[in-house]
Amino acid sequence: AKEDEFEKFKNKIANILTGFGLIETNTYNLTSEKVQNKNMKAELKLAKIANALNEDYNVLRAWMIPSSLEVLKNNRQYEYPQKIFEIGTVFTPEEKSRVSVLISHKEANYTEARQILESLLDQLGIKYTIKETEHDSFIDGRVARVYTKDKGIAYIGEINPEVLNNFELEMPCVGFELNLNYLYKEL
């Protein structure tokens, strides 16, 4: 037996991000519609759990940044800066692997997240373009979409203050979420 090539790729991503000083987290695939949509100012179609026992775990996550914001919320009593990442599964409606990266401290900004994203993609040998876009979960003018071969593979930006408030966070937060399935196909 040998290790799956995609798993090796995900381990490589984790090693690169750890080398950048980020700490790996691991959260549940089950979450709430409130966390995924309302708190994020989003309107995603979510895979709902039939006969969910409570409102905290009634959907499968469609993206990972909300789960990472929950990690920051549960760790706000600890020292800053907090720099985290997670490699996990989202359901949109099929399963996809993604990586989310969040950085939180007093002076967190778009440039800091972009440097990590660009360094990661450069180390993987991926050609990409970054174009300014709009997304309600991020601050206008400080959010972009990352493309490779005209396929959108990531959002990057500064988290909207309303979203931060919804997660009871006081520090600025920046980050990105990257589609690993598509990225792996580009290698």
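Which handedness does the crossing of α1 and α4 have? In this predicted model, the crossing of these two helices is right-handed. The sheet is described next, then the helices that lie across it, and last some local backbone features.

The sheet is open and has seven strands. Their order is β1-β5-β6-β10-β9-β8-β7, and the pairing is mixed. Two strands form the edges: β1, at residues 23–24, and β7, at residues 129–132. Each of these pairs on one side only. Within the sheet, β8 spans residues 138–148 and β9 spans residues 151–159. The two strands run antiparallel, and seven bridges join them. Phe138 has Ile159 of β9 as its bridge partner.

Helix α1 covers residues 5–19 and lies across β1, β5 and β6. Of these, β5 comprises residues 82–91 and β6 comprises residues 95–104. The helix runs at about 160 degrees to β5. Helix α4 covers residues 110–124. This helix lies across β5, β6, β7, β8, β9 and β10. Its direction is at about 25 degrees to β10, which comprises residues 173–179.

The two helices also meet each other. The axes of α1 and α4 come within 11 Å and cross at roughly 135 degrees. The pair is therefore oblique. On the α1 side, the contact involves Phe9, Lys12, Ile13, Ile16 and Leu17. On the α4 side, Ile116, Leu120, Gln123 and Leu124 take part. By class, the residues of this contact divide into seven nonpolar, one polar and one charged.

Several loop residues have backbone features of their own. The peptide bond from Tyr80 to Pro81 is cis, with omega near 5 degrees. Pro81 sits in the loop between α3, residues 65–74, and β5.

Asn51 is not a glycine, yet its phi is positive, at about 55 degrees. This residue belongs to the loop between β3, residues 47–48, and β4, residues 59–60. The relative accessible area of Asn51 is 73%, so the residue counts as exposed; the cut-off for that class is over 50%.

Glu168 also is not a glycine and has a positive phi, here of about 60 degrees. Its place is the loop between α5, residues 161–166, and β10. With a relative accessible area of 44%, Glu168 is partly exposed.

Conventions:
Residues numbered from 1 in each chain as written. Predicted model: local features only at pLDDT ≥ 70, side-chain atom pairs only at ≥ 80, totals over all residues. Heavy atoms only, no water. Pairing = 2+ DSSP bridges. Helix = DSSP H or I, 4+ residues; strand = E, 2+ residues; numbered from the N terminus. Contact = heavy atoms within 4.5 Å. Axes fitted to C-alpha atoms, helices over the stretch in contact; angles between N-to-C directions. Parallel < 35°, antiparallel > 145°, perpendicular 65-115°, else oblique. Left-handed = near helix turned anticlockwise from the far one by under 90°. Nonpolar A, V, L, I, M, F, W, Y, C, P; charged D, E, K, R; others polar. Buried < 20%, exposed > 50% of the residue type's maximum accessible area, 1.4 Å probe, protein only.
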